[in-house]
Amino acid sequence: MDNILLNKSPFNSEIELGLRALTILVSSYPRTYTLHDLVVLDYFLVHSKDLSEKSEESLHPNVPFRSGELLIKQDKLKTGLHLYMHKGLIQLNLTDGGFKYSASDSSRYFLDLLSNQYTINLEKKAKWLSIAITKITDKELKKIINKNLTEWNFDTFIETDFIKDSNNE
C-alpha cells in the first residue's frame, strides 16, 4: 500500500472518497455495500438533491456534467477504501453476494475525532442518506437513476445491488 500514488488535490481525492465511504458505512452500520454501491451512494451523498428534492442542500455544487464523477470515482474510491482498510477502519467481507465493505469497530471512534465543519456536514448528510435509501424501493431508485441517465450519461450503474433487474420485479 505504501507505493500507491495519490491524487495531490484534496478535492475528490482517494482520501476524501475513502472518508466519505467510511462515513456512509458508519451511518448505515451494520449494512454492507459493494464498491459499485458505494460509488452510487457517494454520488447521492454529495448531490443529495438528485436523490430527493426534500433533501437539504447538496454537499457539493450541482455543476453541469457532474455525472462524469461516476466514471472517474470507482478507481479512486477503491484506492481510498483500501487506504482506510489498511488502517483498520473499513473491513472487506466475503458474502454470498460477493465482496462487500463495512465499518470496523474503530470507525465510529475515528470519525468522532474529526471536528471540522465539512466532516460534521458529511456525517449529517450520511445519516440522512442511510435513512433515505431504505425508504426508497429498488423500483423507485431505478426510476430516479433512469430519469437522470441522459443527464448522467452513464447507464452501467443501473446494475447496483439496490436495483433489481426489471424482469425480477
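A residue is called buried here when its relative accessible area is under 20%. With that term in place, I turn to helix α2 of this predicted model. The helix is mostly covered, since 11 of its 12 residues are buried. The buried residues include Leu35, Asp37, Leu38 and Val39, and they continue through Val40, Leu41, Asp42, Tyr43, Phe44, Leu45 and Val46. From its first C-alpha to its last, α2 reaches 17 Å, close to the 16 Å expected at 1.5 Å a residue.

Let me place this helix within the chain as a whole. The chain contains six helices and two strands, and their order along the sequence is α-α-α-β-β-α-α-α. Of the 169 residues in the chain, 46% are buried. Among contacts with a separation of 6 or more, 65% are between residues 24 or more positions apart. The exposed area of the chain is about 9,600 Å², and carbon and sulfur atoms supply 55% of it.

I return to α2 and to the residues that meet it. What joins the side chains of Lys73 and Asp42? A polar contact of 2.7 Å joins them. Asp42 is one of the buried residues of α2, while Lys73 lies in helix α3. Lys73 counts as buried because its relative accessible area is 3%, which is under the 20% limit. Leaving aside neighbours within four places in sequence, Lys73 is in contact with Asn12, Leu17, Arg20, Asp42, Tyr43 and Val46. Of these partners, Asp42, Tyr43 and Val46 are also among the buried residues of α2.

Next, the aromatic residues. The chain has two aromatic pairs. In one of them, the ring centres of Tyr43 and Phe44 are 5.7 Å apart and the planes stand at 75°, so the pair is edge-to-face; the angle required for that class is over 60 degrees. Tyr43 counts as buried because its relative accessibility is 1%. Phe44 is likewise buried, with a relative accessible area of 1%.

Tyr84 and Phe110 form an aromatic pair that is edge-to-face, with 6.4 Å from centre to centre and 75° between the planes. This pair links distant parts of the chain: Tyr84 belongs to helix α3 (residues 68-86), Phe110 belongs to helix α4 (residues 107-113), and the two are 26 residues apart. Are these two residues buried or partly exposed? Tyr84 is buried, because its relative accessible area is 10%. Phe110 counts as partly exposed, because its relative accessibility is 27%.

The loop between α2 and α3 deserves attention as well, for Ser48 is found there. At 0% relative accessibility, Ser48 counts as buried. Not counting residues up to four places away in sequence, Ser48 touches Ser55, Glu56, Glu57, Ser58, Lys125 and Trp128. With one of these partners, Lys125, the side chain of Ser48 makes a polar contact of 3.2 Å. Lys125 also lies over the face of Trp128, at 5.6 Å from the ring centre. Ser48 therefore has both members of that arrangement, Lys125 and Trp128, within its contact cut-off of 4.5 Å.

I now move to the strands, and in particular to Ser102. Where is Ser102 placed? Its place is in strand β2, which spans residues 98-103. Ser102 counts as buried because its relative accessibility is 5%. The side chain of Ser102 makes a polar contact with the side chain of Asn93, at 2.9 Å. Setting aside residues up to four places away in sequence, Ser102 touches Leu25, Arg31, Thr32, Ile90, Gln91 and Asn93. Ser102 and Met85 are separated by 17 residues in sequence, and their C-alpha atoms are 9.8 Å apart in space.

One backbone feature remains. Which two residues does a cis peptide bond join? The bond joins Tyr29 and Pro30, and omega is about 15°. Pro30 is placed in the loop between α1 (14-27) and α2 (35-46). Among the contacts of Ser102 listed a moment ago are Arg31 and Thr32.

To close, I come back to helix α2. It is mostly covered, its Asp42 side chain is joined to that of Lys73 by a polar contact, and its residues Tyr43 and Phe44 form an edge-to-face pair.

Technical notes:
Residues are numbered from 1 along each chain as its sequence is written. This is a predicted model: local features need pLDDT of at least 70, side-chain atom pairs count only at pLDDT 80 or more; totals for chains, interfaces and linings use all residues. Side-chain values use heavy atoms; hydrogens and water are left out. Helices (H or I, at least four residues) and strands (E, at least two) are DSSP runs, numbered from the N terminus. Buried means under 20% relative accessible area, exposed over 50%, partly exposed in between (1.4 Å probe, protein chains only). A polar contact is a pair of N or O atoms within 3.5 Å; within protein, one must be able to donate a hydrogen and the other to accept it, and residues adjacent in sequence count only if both atoms are side-chain atoms. Accessible areas come from the Shrake-Rupley method with a 1.4 Å probe; for residues, only the protein chains shown count as cover. Rings of Phe, Tyr and Trp (its six-membered ring) pair if their centres lie within 6.5 Å; planes under 30 degrees apart count as stacked, over 60 as edge-to-face and the rest as tilted. A charge sits over a ring if NZ of Lys or CZ of Arg is within 6 Å of the ring centre and within 35 degrees of the ring normal. The expected span of a helix is 1.5 Å times one less than its number of residues.
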